[in-house]
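Good morning, and thank you for making time for this presentation. I would ask you to keep the structure in view while I go through it.

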Amino acid sequence: LLQTNSYIVPKEKRTEHARLVKRFRAVMSRLGCEEFEVYEQAGPNWSNEVGGRFVQIMKFRDRDHQQQIREAEQS
């Protein structure tokens, strides 16, 4: 099961975002999330245009596993 989230990070918050992604990756791993990735969306035609939109991809074994991780996140 894949779960994706998309969000925008302002330029002035990029450093803090990178720090939070590292912490979040460690927490998700400890909670049992099989895979957690974050990518910055490329501009049209793979240009170097920076739009600030990021996509998170999380991989779970099944829906029950996703629910368990979500409940652990909230507690």
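**Histidine 65 and its surroundings**

I begin with a side-chain contact: histidine 65 reaches the backbone nitrogen of arginine 61 with its side chain, at 3.1 Å. I should say at once that this is a predicted model. Histidine 65 belongs to helix 2, which covers residues 63-74. Is this histidine 65 buried or exposed? Its relative accessible area is 4%, and because the limit for a buried residue is under 20%, histidine 65 counts as buried. If we set aside neighbours within four places in sequence, the residues in contact with histidine 65 are Gly32, Cys33, Glu34 and Phe60.

Two of the residues just mentioned return as a pair. Glutamate 34 and arginine 61 form a salt bridge, with 3.7 Å between the closest N and O atoms. This pair links distant parts of the chain, 27 residues apart: glutamate 34 sits in the loop between helix 1 and strand 2, and arginine 61 in the loop between strand 3 and helix 2. As for accessibility, glutamate 34 is partly exposed at 43%, whereas arginine 61, at 55%, counts as exposed. Histidine 65 thus has a contact with each partner of this salt bridge: its side chain reaches the backbone nitrogen of arginine 61, and Glu34 is among the residues in contact with histidine 65.

**The sheet and the helix across it**

Let me now turn to the sheet. In what order do its three strands stand? The order is 1-3-2, in an open sheet with antiparallel pairing. Strand 1, residues 2-8, and strand 2, residues 35-40, are at the edges; each has a single partner strand, so one side of each has no neighbour in the sheet. On average, and ignoring direction, neighbouring strands here are turned by 15° against each other.

How many bridges join strand 1 to strand 3? There are seven, and the two strands run antiparallel, strand 3 being formed by residues 53-59. One position along this pairing is serine 6, whose bridge partner in strand 3 is valine 55.

Helix 1, residues 14-31, lies across strand 1, strand 2 and strand 3, and it runs at about 165° to strand 2. Two residues of this helix deserve attention.

Histidine 17 is found in helix 1. Histidine 17 is buried, with a relative accessible area of 11%. Beyond its neighbours within four places in sequence, histidine 17 is in contact with Tyr7, Val9, Val38 and Phe54. The C-alpha atoms of histidine 17 and glutamine 67 are separated by 25 Å, with these positions 50 residues apart along the chain.

Arginine 25 is also found in helix 1, but arginine 25 is partly exposed, at 35% relative accessible area. Which residues does arginine 25 contact, leaving aside its neighbours within four places in sequence? They are Phe36, Glu37 and Val38. The side chain of arginine 25 reaches the backbone oxygen of phenylalanine 36 at 3.4 Å. From arginine 25 to glutamine 68, which are 43 residues apart along the chain, the C-alpha separation is 17 Å.

**The remaining salt bridges**

The structure holds three salt bridges, and one of them, between glutamate 34 and arginine 61, has already been described.

Another is formed by glutamate 40 and arginine 14, whose closest N and O atoms are 3.3 Å apart. Glutamate 40 lies in strand 2 and arginine 14 in helix 1, so this pair ties together parts that are 26 residues apart in sequence. Both residues are partly exposed: glutamate 40 has a relative accessible area of 36%, and arginine 14 is at 22%.

The other pair is arginine 19 with glutamate 16, where the side chains meet at 2.6 Å, N to O. What separates these two residues along the helix? Arginine 19 and glutamate 16 are about one helical turn apart, because they are three residues apart in helix 1. Arginine 19, at 47% relative accessibility, counts as partly exposed, and glutamate 16 is partly exposed at 35%.

To close, I return to helix 1: it lies across the three strands, and it carries the buried histidine 17 and the partly exposed arginine 25. Thank you for your attention.

Conventions. Residues are numbered from 1 along each chain as its sequence is written. This is a predicted model: local features need pLDDT of at least 70, side-chain atom pairs count only at pLDDT 80 or more; totals for chains, interfaces and linings use all residues. Side-chain values use heavy atoms; hydrogens and water are left out. Two strands pair if DSSP finds at least two bridges between them. Helices (H or I, at least four residues) and strands (E, at least two) are DSSP runs, numbered from the N terminus. Axes are lines fitted to C-alpha atoms, for helices over the stretch in contact, and angles run from 0 to 180 degrees between N-to-C directions. Contact means heavy atoms within 4.5 Å. Buried means under 20% relative accessible area, exposed over 50%, partly exposed in between (1.4 Å probe, protein chains only). A polar contact is a pair of N or O atoms within 3.5 Å; within protein, one must be able to donate a hydrogen and the other to accept it, and residues adjacent in sequence count only if both atoms are side-chain atoms. A salt bridge is a side-chain nitrogen of Lys or Arg within 4 Å of a carboxyl oxygen of Asp or Glu.
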